[in-house]
Amino acid sequence: MSMKLIISIVHSDDADQLMSALREGGFSSTRISTTGGFLREGNATILVGTDEMNVSSVLDIIKRNCHTRTQYVNPLPPVMEPGELYMPNPVEVQVGGAVIFVLDVERLVKY
Ligand code: 2BA
């Protein structure tokens with residue numbers, strides 16, 4: 001049976017609940033504190049290593065515990081002349097529920 005590494009980037013507010021649900025489902029997980037390149041805000045990256053046959057169960061757990069959120073970003077101001085006033089129009093961005101990568105694991109070694 002081949003092993004997979006599921007890398008899931010989720011909202012920080014969903015991470016604790018997701019890790020509890022994974023534990024209840026019998027899955028080990030690791031949380032890394034990360035930062036999104038676009039919003040420059042903290043998010044959480046959850047690593048789960050498991051047999052290939054469990055991948056869909058893990059994806060289900062992630063789907064049930066991670067929620068899409070709407071956030072607003074202020075676009076960068078244009079180049080202005082002195083005295084000009086810039087009124088930013090916030091842009092709506094949908095974040096998550098989860099961005100997930102599933103990778104092949106060559107081997108798992110524990111010492
Ligand atoms: P951020 O990079 O902070 O992106 C937050 C949200 O902003 C994204 O949500 C997306 O809706 C929007 N966004 C990102 N780049 C954009 C752009 N150039 N123009 C317009 N809108 C943009 P998600 O797609 O749900 O991504 C959530 C977080 O997942 C991202 O946070 C990033 O940390 C990670 N992520 C998403 N796609 C990735 C990828 N291909 N590789 C690595 N990390 C990724």
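At what angle do the axes of helix α1 and helix α2 cross, and within what distance do they come? Let me start there, with the reminder that what we have on the screen is a predicted model. The axis of helix α1, which covers residues 12-24, and the axis of helix α2, which covers residues 55-65, come within 9 Å and cross at roughly 145°. As for the handedness, the crossing in which α1 passes α2 is right-handed.

If you look at which residues make that contact, α1 contributes D14, Q17, L18, A21 and L22, and these meet V58, I61, I62 and N65 in α2. Sorted by class, the residues of this contact comprise 6 that are nonpolar, 2 that are polar and 1 that is charged.

Let me turn now to the ligand. The residues around the ligand include I9, then G36, G37, F38 and L39, then N43, and further along the chain V93, Q94, V95, G96, V99 and F101. In terms of class, this shell holds 7 nonpolar and 5 polar residues, with no charged residues.

Which residues place a polar atom by an oxygen atom of the ligand? With G37, a polar backbone atom is 3.2 Å from a ligand oxygen, and with L39 a backbone N or O atom lies 2.8 Å from an oxygen atom of the ligand. With N43 the contact comes from the side chain, where an N or O atom is 3.0 Å from a ligand oxygen. To put the ligand's surface beside these contacts, the ligand taken alone exposes 750 Å², and the protein buries 51% of that area.

As to where the shell comes from, the elements that supply two or more residues are β5, residues 91-95, and β6, residues 98-105. The largest share, 3 residues, comes from β5.

I would like to finish with two points of backbone geometry. What is the configuration of the peptide bond from G96 to G97? That bond is cis, with omega near -10°, and G97 is found in the loop between β5 and β6. G96, on the other side of that bond, is among the residues around the ligand, so please keep the cis bond in view when you look at this part of the model.

The second point is R40, which is not a glycine and yet has a positive phi, near 55°. R40 is found in the loop between β2, residues 30-35, and β3, residues 42-51.

Definitions and conventions
Residues numbered from 1 in each chain as written. Predicted model: local features only at pLDDT ≥ 70, side-chain atom pairs only at ≥ 80, totals over all residues. Heavy atoms only, no water. Near = heavy atom within 4 Å. Polar contact = N/O pair within 3.5 Å; in protein donor to acceptor, adjacent residues only side chain to side chain. Areas by Shrake-Rupley, 256 points an atom, 1.4 Å probe, with all protein chains shown as cover. Helix = DSSP H or I, 4+ residues; strand = E, 2+ residues; numbered from the N terminus. Nonpolar A, V, L, I, M, F, W, Y, C, P; charged D, E, K, R; others polar. Axes fitted to C-alpha atoms, helices over the stretch in contact; angles between N-to-C directions. Left-handed = near helix turned anticlockwise from the far one by under 90°. Contact = heavy atoms within 4.5 Å.
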